[in-house]
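Reader: I should like to learn how the features of a protein model are read, one at a time. Could we work through an example together, beginning with a single side chain and moving outward?

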Amino acid sequence: MQTLKTYPNAIPLGYVDTNFGLYNASNIEANISTWAHWPSAVRPTGIFSDDVDNGNIPGSTAIMTQVAAFARSAGFTSKIVFNPGTIPLASAQKALFRCCGSRRCV
């Protein structure tokens, strides 16, 4: 990881699973906290949230907004990635992109 962090085109990401919106924010934040406590030399600089709900579960975008804010406050400022695995519903797209700080899902 130390070597990877020296490359300007590499963004090391810590992986967290959201179980398609079934994990609550505190579960996801606990996983982010685990990454935050890694030694700085090997600590990722961003977070990759996998299996993000695509908008089918009411309130899931609010949870992901909270999770993104938590990740930023924990020092993960290079990239917050949400991977729904499918195209998000139109009603959820803007909210997901806005809270992960992107104009598109990565």
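**Reading the model, feature by feature**

Author: At 35% relative accessibility, Trp-38 counts as partly exposed, because the class runs between under 20% for buried and over 50% for exposed. Please keep in mind that this is a predicted model.

Reader: Trp-38 has an aromatic ring partner; how is a pair of aromatic rings described in general, and how many such pairs are there here?

Author: A pair of aromatic rings is described by two quantities, the distance of the centres and the angle of the planes. The count here comes to two aromatic pairs. In one of them, the ring centres of Tyr-15 and Phe-48 are 6.1 Å apart and the planes stand at 20°, so this pair is stacked. Tyr-15 belongs to strand β1 and Phe-48 to strand β2, so that the pair links distant parts of the chain, 33 residues apart. Tyr-15, at 41% relative accessibility, is partly exposed, and Phe-48, at 22%, is partly exposed as well. For Trp-35 and Trp-38, the centres are 4.5 Å apart and the planes at 45°, so that pair is tilted. Trp-35 is buried, with a relative accessible area of 17%.

Reader: In which order do the strands of the sheet lie, and is the pairing parallel or antiparallel?

Author: Three strands form an open sheet in the order β1-β2-β3, and the pairing is parallel. The strands β1 (13-17) and β3 (79-83) stand at the edges with a single partner strand each, so one side of each is left without a neighbour in the sheet. Neighbouring strands are turned by 15° against each other on average, direction ignored.

Reader: How many bridges join β1 to β2, and over how many do β2 and β3 pair?

Author: Five bridges join β1 to β2, and strand β2 (residues 46-50) pairs with β3 over five bridges. Ser-49 is a convenient residue on which to follow the register: Val-16 stands opposite Ser-49 in β2, and in β3 the bridge partner of Ser-49 is Phe-82. Phe-48, already met in the stacked pair, stands opposite Val-81 in β3. The chain crosses from β2 through α2 to β3, and this β-α-β crossover is right-handed.

Reader: To which faces do the side chains along β1 point, and which of them are buried?

Author: The general idea is that in a regular strand the side chains alternate between the two faces of the sheet. Along β1, Gly-14 and Val-16 point to one face and are buried, whereas Leu-13, Tyr-15 and Asp-17 point to the other and are not. From β1 the chain crosses through α1 to β2, and this β-α-β crossover is right-handed.

Reader: Across which strands does each helix lie, and at what angle does it run?

Author: Helix α1 (residues 25-36) lies across β1 and β2 and runs at about 155° to β1. Helix α2 (residues 60-73) lies across β2 and β3, at about 150° to β3.

Reader: I should also like to examine one residue of the sheet in detail. Is Asp-50 buried or exposed, and with which residues is it in contact beyond its neighbours within four places in sequence?

Author: Asp-50 has its place in strand β2. With a relative accessible area of 13%, Asp-50 is buried. Leaving aside neighbours within four places in sequence, Asp-50 is in contact with Tyr-15, Val-16, Asp-17, Thr-18, Asn-19 and Asn-83. The side chain of Asp-50 makes a polar contact with the side chain of Asn-83, at 2.8 Å. By contrast, the C-alpha atoms of Asp-50 and Phe-76 are separated by 16 Å, these residues being 26 apart along the chain.

Reader: Finally, the backbone: which residues have a positive phi although they are not glycine?

Author: Among them are Phe-20, with a phi of about 55°, and Asp-51, with a phi of about 60°. Phe-20 is found in the loop between β1 and α1, and Asp-51 in the loop between β2 and α2. Phe-20 is partly exposed at 42% relative accessibility, while Asp-51 is buried, with a relative accessible area of 18%.

Conventions
Residues are numbered from 1 along each chain as its sequence is written. This is a predicted model: local features need pLDDT of at least 70, side-chain atom pairs count only at pLDDT 80 or more; totals for chains, interfaces and linings use all residues. Side-chain values use heavy atoms; hydrogens and water are left out. Two strands pair if DSSP finds at least two bridges between them. Helices (H or I, at least four residues) and strands (E, at least two) are DSSP runs, numbered from the N terminus. Axes are lines fitted to C-alpha atoms, for helices over the stretch in contact, and angles run from 0 to 180 degrees between N-to-C directions. Contact means heavy atoms within 4.5 Å. Buried means under 20% relative accessible area, exposed over 50%, partly exposed in between (1.4 Å probe, protein chains only). A crossover is right-handed if, with the strands pointing away from the viewer, the path from the first strand over the helix to the second runs clockwise. A polar contact is a pair of N or O atoms within 3.5 Å; within protein, one must be able to donate a hydrogen and the other to accept it, and residues adjacent in sequence count only if both atoms are side-chain atoms. Rings of Phe, Tyr and Trp (its six-membered ring) pair if their centres lie within 6.5 Å; planes under 30 degrees apart count as stacked, over 60 as edge-to-face and the rest as tilted.
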